[in-house]
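Ready for some practice in reading a protein structure? Take a look at the sequence and the model, then work through the exercises at your own pace.

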Amino acid sequence: MNPVERGTLAIERGDHQEAVNIFRREIGRGRSPAAYIGFGKAHFLLEDYPTARWAFHKALELEPGNEEAVRQLSLVEPKLAGLGAAGASKSRPAWRYRAVKDFLEVHRGEWTRLFLKGINLGLGIPGHFPGEYAIRKGTYLKWFRQISGLGVNAIRVYALHAPLFYEALDEWNRAGKTLYLVQGIWAEPPADDDYSGEAYRSYVLGNLRDAVDAVHGSAVLPPRPGQPDGKYTADASWFTIGYLYGREWEPCSVKRYNESKGRRRAGYRGKFLMIGDGSPFEVELTRVADLLQEYEQERYGSTRPCSVVNWPTLDPLVHPSESATEDEVAIQGQTLRSAVCNENEDMETLDVSKIVTVAGPGFFATYHAYPYYPDFIDNDDPEEKEPYLTYLKKLKSHHGGQPVLVAEFGVPSSRESAHRQRNGWTHGRHGEEEQGTIDVLQMNAVRGAGMAGGVLFSWLDEWFKKNWIFQPYLLPAERKPLWFNLQDPEENYGLLAAYPGYPGKVVTLSGNRSEWEDATVLYGRAGAPRKAEGGGPAGIRGLRARHDEGFLYLLIETEGPVDFRRENYLVGMNSSLPESGERLLPFDTRILSPIGLHFLLHLCGERSSRLLAAQSYDRFLNAPSGKIVPERSEQGAWVQMQIRTNARRISKDGKRYFPAHVYSTSPLRHGSLDGSRGDFHSLSDFFVAGDRIEVRIPWCMLNFTDPSSRTVLWMDGR
């Protein structure tokens, strides 16, 4: 199936955003009128009529008189003529919202308590950074239908989306299936850490006004790099339940600001909110939240509850299991001499429980709270069987009757984990079914702790993201949206998986021979199969390979049914210079490879197979030295690949030690990627079917820093 046929199939199936991606790639390869027409059709169906018109005109430039392009233009022009009516006034329910004791309420003739069951919606679809605003109206409408089907009643966005998001959500809510909006107002921290500086205050006030005006359908934003632009005409205020200002603030930035103000305690009283005894940072955020409500009230005659984003690192609780880096070093009899601020997890506090409502709809607290980070959630109360619930209850108790929204929680379905949690709610290493189960248990904990609601992170996988474990190795960074890393937890939180391949997986690990018809033959014996010398175990008679944006796939064909009790299989891989890497195969084979090998696939059983790395090319062992290069060797130096998920911790009193945790990522999981099979698991690595072994290996596991440009890791320590 060629790209134009695949894109046409996507349109026929209603996968219009996917069709955009397929045709866009084909346009990049050459000047194809059919690709431009398909690109235009997909955008037309996504209700992006200006782009559709541009695409049809491009097709006519390449092929004047193209009848299909002319016909499509005749359909798109009336749509463009009708866009001016989008902002026409329509009757809207007179809904209001308020933050009261413990919960948010909605007025439907009378005040009704609302427990938010929300989901976070990002902007970074595969192939794009969020600032490109590539999602179209038709895609939003499709997602809203799926999201509502889950029982979700609210969508949280981190910052302004493009105008068509609000148009689509307004259209969806008018159809009678309400999805409330929690509108985020993003703000980067000031470069000089001066949160009350004139320039920074102007920047923040501009963001507040843009968000409020856009929500009310009264904004016209100019083009700006990385920011949405255009005319906002859909009034989304009637289903917007509240505003969330800010982001997860860095402790060191907060510390520098508080210290620059002498840590003087002060108060602030505005028209809507006040604080009596706050740190400089707490006072400044109270001021911002008050100005937000004041601006909306003065401009539009009404306002709604608001909050500022917080997280456990800045929570108002004391965590006895978490000492600062400087204190840990001192306990060991050493002195840390460094001018650099260490981002300790319990060094600063943002306590919004002090913020009191003077007038208006009120204020609520907001936290991003996951069960596995920071470590003190697991370590503070080792006798408690449910540490996450225990932490949330403590947090809610501190805030008293102030409503508390848990605006981020969840676990990712990545192959690797970046943090341990003693109940198994780890930062990754969950199959899709297990991910869903744990997400439900976390939502139950949120409700059980008396919170005002929970917002799951997140709706879709976002390829541009990077976890701290992988961030140094995903280069060039600007190409990260172009490929998928199953290893990375940050990319795999989505309930909606963004998996490579269309119309389906390239390889399903199910023994389907048709999936390998177009594969590259790497090795194949001519003539009839033959047994190994001496009548011993069956050997390898063929090796084929396929790939996509996320994986290298291998098909190993053997000269008889695979029987791991009689034979093991070794497949060596070199990704760069033939002379680099380890030549000696392990297990006393005494075999020297003709070229150096960087990785070694060892298939020896459904529960014992693994992928090994040449010792000099292993990230875990060599990262401290800064040199990760496959050096020439004939020592048989093969190692299992490992990850450290948790650093060692020492309690504040120096009496308790919490060990570091390291685990191996080398073991391979046997199973299928075919969801109709009983042995399906979304993290399956290999599958055995008769005389065939199918293998799926994530690119990052082979030290590719960017498979889209064929770039591999090579750090020489300089």
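Two exercises with worked solutions follow.

This is a predicted model, in which local features need pLDDT of at least 70 and side-chain atom pairs count only at pLDDT 80 or more, while totals for chains, interfaces and linings use all residues. Residues are numbered from 1 along each chain as its sequence is written, and side-chain values use heavy atoms, leaving out hydrogens and water.

**Exercise 1.** Find the disulfide and describe the places of its two cysteines.

*Solution.*
Step 1: Look for a pair of cysteine sulfur atoms within 2.5 Å, which is what counts as a disulfide. The structure holds one: cysteine 252 is joined to cysteine 341, with an S to S distance of 2.0 Å.
Step 2: Check the turn about the S-S bond; at -85 degrees, this link is left-handed.
Step 3: Place both ends. Cysteine 252 lies in helix H9 (residues 251-260) and cysteine 341 in the loop between helix H11 (325-331) and strand S13 (356-357), so the pair ties together parts 89 residues apart in sequence. Helices (H or I, at least four residues) and strands (E, at least two) are DSSP runs, numbered from the N terminus.

**Exercise 2.** Is cysteine 252 buried or exposed?

*Solution.*
Step 1: Recall the cut-offs: buried is under 20% relative accessible area, exposed over 50%, and partly exposed in between (1.4 Å probe, protein chains only).
Step 2: Cysteine 252 has a relative accessible area of 1%, so cysteine 252 is buried.
Step 3: Try its partner too: cysteine 341, at 23% relative accessibility, counts as partly exposed.
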